[in-house]
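Let's take a walk through this structure together, one piece at a time. Have the viewer ready, and follow along as each part comes up.

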Amino acid sequence: MIKENLLEKNMKHIVQEILKVISKEEIEQIARDVGFIKREGKIKAWQFLYLCAFSELDISKNTLVTMSANLSSTL
């Protein structure tokens, strides 16, 4: 439990540091420019990036709904 809290705290810190370099808006714009986003969805590009890069969930074995639920409880 303590290890999980420390890991969560570290991950939030890493995400905060990344967002100092590139903003959520810049991530969204890049996603639009390369065609990743073509319309508004339930989650934003930066949230999807977070899920893929920093979430402990296995993105190949979880649905987007499951990952979104995890996202809302994490952030």
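A good place to begin is the salt bridge between Lys 44 and Glu 40, where the closest N and O atoms are 2.9 Å apart. Keep in mind as you look that this is a predicted model. Lys 44 has a relative accessibility of 35%, so it counts as partly exposed. Through shared partners, salt bridges link Lys 44, Glu 40 and Arg 32 into one network. The other link here runs between the side chains of Arg 32 and Glu 40, with 2.5 Å from N to O. Arg 32 is partly exposed too, because its relative accessibility is 36%.

How many salt bridges does the structure hold? There are 3 of them. One that we have not yet visited pairs Lys 20 with Glu 17, and its closest N and O atoms are 3.0 Å apart. Both of these residues sit in helix α1, which covers residues 2-21, and they are 3 residues apart, or about one turn of the helix. Is Lys 20 buried or exposed? With a relative accessible area of 64%, Lys 20 is exposed, since the cut-off for that class is over 50%. Glu 17, at 33% relative accessibility, is partly exposed.

Now let's step back to the chain as a whole. Its secondary structure amounts to 4 helices and 0 strands, so that, read from the N terminus, the elements follow the order α-α-α-α. The chain has 75 residues, and 23% of them are buried. Its accessible surface is about 5900 Å², with 59% of that belonging to carbon and sulfur atoms. For a view of how the chain comes together, consider the contacts with a separation of 6 or more: residues 24 or more positions apart account for 29% of them.

With that overview in hand, we can look at how two of the helices meet. Helix α2 (residues 24-33) and helix α3 (residues 45-54) pack at an angle of about 95 degrees, and their axes are 8 Å apart. Because of that angle, α2 is roughly perpendicular to α3, the range for this term being 65 to 115 degrees. Which residues make the contact? On the α2 side they are Lys 24, Ile 27, Glu 28 and Ala 31, while α3 brings Ala 45, Trp 46 and Leu 49.

Two of those α2 residues turn up again when we go back to helix α1, where Leu 19 has its place. Leaving out residues up to four places away in sequence, Leu 19 touches Lys 24 and Ile 27. Trp 46 is worth finding from here as well: 27 residues separate Leu 19 and Trp 46 along the chain, and their C-alpha atoms are 9.8 Å apart. Leu 19 counts as partly exposed because its relative accessibility is 28%.

Helix α2 also has a part in the surface. Ile 30 is found in this helix, and together with Val 34 and Phe 36 it makes a nonpolar surface patch of about 320 Å². Why does Ile 30 count as partly exposed? Its relative accessible area is 45%, and partly exposed lies between the 20% and 50% cut-offs.

Moving on to helix α3, we meet Gln 47. Is this residue, Gln 47, buried or exposed? Gln 47 is buried, because its relative accessibility is 17% and buried means under 20%. Apart from its neighbours within four places in sequence, Gln 47 is in contact with Lys 42 and Leu 71.

Our last stop is Leu 57, in the loop between α3 and α4 (64-74). Not counting residues up to four places away in sequence, Leu 57 touches Asn 62, Thr 66, Met 67 and Asn 70. For the pair Leu 57 and Asn 70, the C-alpha atoms are separated by 8.5 Å, and the two residues are 13 residues apart along the chain. At 25% relative accessibility, Leu 57 counts as partly exposed.

Technical notes. Residues numbered from 1 in each chain as written. Predicted model: local features only at pLDDT ≥ 70, side-chain atom pairs only at ≥ 80, totals over all residues. Heavy atoms only, no water. Patch = residues over 30% accessible without salt bridge, like charges linked within 9 Å, V, L, I, M, F, W, Y side chains within 5 Å. Areas by Shrake-Rupley, 256 points an atom, 1.4 Å probe, with all protein chains shown as cover. Salt bridge = Lys/Arg side-chain N within 4 Å of Asp/Glu carboxyl O. Helix = DSSP H or I, 4+ residues; strand = E, 2+ residues; numbered from the N terminus. Buried < 20%, exposed > 50% of the residue type's maximum accessible area, 1.4 Å probe, protein only. Axes fitted to C-alpha atoms, helices over the stretch in contact; angles between N-to-C directions. Parallel < 35°, antiparallel > 145°, perpendicular 65-115°, else oblique. Contact = heavy atoms within 4.5 Å.
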